[in-house]
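Visitor: Please take me slowly through one part of this chain, and tell me what surrounds it. I would like each term explained as it comes up.

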Amino acid sequence: TRSLTITSVDPSMFEKAQGEKVTLPCTFELSEEDEGPLDIEWVLIPADNQKREKIIIMYAVDRVYNHYYGALTGRMQFTNLDPRSGDGSLDILNLKAADTGTYQCKVKKAPGVQSKKIQLTVLVKPARTKCSIEGSQEIGKDVTLKCVSQEGSPLLSYDWRRVSGTQDLPATSMLNKNTGELLLKNASREYSGRYSCVASNRVGTDECSVELNVTPPVNTAAIIIGAIIGTLLGLSVLCSVIFCFCKKHREKKYEKEVHHDIREDVPPPKSRSSTARSYIGSNRSSLGSMSPSNMEGYTKTPYSQVPSEDFERAPAQNTAFAPSKVAAPNLSRMGAVPVMIPAQSKDGSIV
């Protein structure tokens, strides 16, 4: 019994670049026996067989339903506005790397049912390719030119070429197309110039360049000596600063100690002149009260017993009261009557 048939003979595998558009073909023919309603579905088959298929767009009962799969919403549509004409092909716009997968077209018109699978691979072009130099750019050294693309689907291939000069790579160069490394052994001045790297895959290319400047070896001994001299000078300056700081600190400490040398809790020393004056004053009071009864004791008091360290010459106006110059008191002026006091001599007689 004749039934509907999918007539698409286009390849079942597509490779497209990111951002491009792809048309997944699905044409069919109906038979006279297929009398049921036409139903066309596009589903995405996950790589994991444990997951269920996802309907991304469907035509049923003369109407299109395209809100099932949010990742493709607004970027997919039927190629023919009227799929009943026998064309159920699908257009996907602005492709992304996440669109990679297996798509299946299912056409149903009872009792006939047919399907077709198409593998879509979205490739990313090489982008943000960077070139760099590794190693010392000195005569006689080995230099490595590196080339790496930050974006790009495998398999990426790298190729180096010389832009300036002879445009031929040096005879000692070794190129690794998979890693993008160009090794220049035993570099010489002739190796200097601009080099360009082209990164490519099946959907596009990207390019970068770098300037190589091979120079004579650097005098490392002079650099080391200069560094040592600079270090010593720096240390000497540092030591001078520390010495000045310590010296200034000691001077401030000494000034502080001298300033606080006189203690507030220690009384001041006594004045010798004040001691002598007080002693003379006491003698004045004794002379003022002089009488016959105490005259004998006064004359017998030796002035030599006054401590020399506490005695100081009295002022000029008080010289009359010095012990060595004190005259015998005039008893008649004092109104006193002389009294004879008997005395006994050495032989026992009364004098």
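**A close look at Ser89**

Guide: The accessible surface of the chain comes to about 23900 Å², of which 55% belongs to carbon and sulfur atoms; such areas come from the Shrake-Rupley method with a 1.4 Å probe, and for residues only the protein chains shown count as cover. This is a predicted model, in which local features need pLDDT of at least 70 and side-chain atom pairs count only at pLDDT 80 or more, while totals for chains, interfaces and linings use all residues. Residues are numbered from 1 along each chain as its sequence is written, and side-chain values use heavy atoms, with hydrogens and water left out.

The chain has 351 residues, and 28% of them count as buried, a word that stands for under 20% relative accessible area, whereas exposed stands for over 50% and partly exposed for what lies in between (1.4 Å probe, protein chains only). Its secondary structure comes to four helices and 18 strands, which are DSSP runs numbered from the N terminus (H or I of at least four residues for helices, E of at least two for strands).

Ser89 is found in the loop between E8 and E9, and this residue counts as buried because its relative accessible area is 6%. Its side chain makes a polar contact with the side chain of Asp87 at 2.7 Å, and the side chain of Ser89 also reaches the backbone nitrogen of Cys26 at 3.0 Å. A polar contact is a pair of N or O atoms within 3.5 Å; within protein, one must be able to donate a hydrogen and the other to accept it, and residues adjacent in sequence count only if both atoms are side-chain atoms. If residues up to four places away in sequence are set aside, Ser89 touches Thr23, Leu24, Pro25, Cys26, Thr27, Trp42, Gln77, Phe78 and Thr79, where contact means heavy atoms within 4.5 Å.

The two strands on either side of this loop, E8 and E9, pair in the antiparallel sense over three bridges; two strands pair if DSSP finds at least two bridges between them. In E9, Asp91 is the bridge partner of Gln77, and Gln77 is also among the residues that Ser89 touches. Together with E3, these strands make an open sheet of three strands in the order E3-E9-E8, with antiparallel pairing. E3 and E8 are its edge strands, each pairing on one side only, and the twist averages 25° from one strand to the next, taken between axes that are lines fitted to C-alpha atoms, with angles that run from 0 to 180 degrees between N-to-C directions.

Two of the residues touched by Ser89, Leu24 and Trp42, are among those that touch the most other members of the largest nonpolar core, which has 27 residues. Such a core is a set of buried Ala, Val, Leu, Ile, Met, Phe, Trp, Tyr and Cys residues joined through side-chain atoms within 4.5 Å. Among the elements that give two or more residues to this core are strand E3 (22–24), strand E8 (76–78), strand E9 (90–92) and strand E6 (54–60).

From Trp42 the path leads on to E6, since Trp42 stands opposite Ile57 in that strand, and E5 and E6 pair in the antiparallel sense over six bridges. E6 is mostly covered, with five of its seven residues buried.
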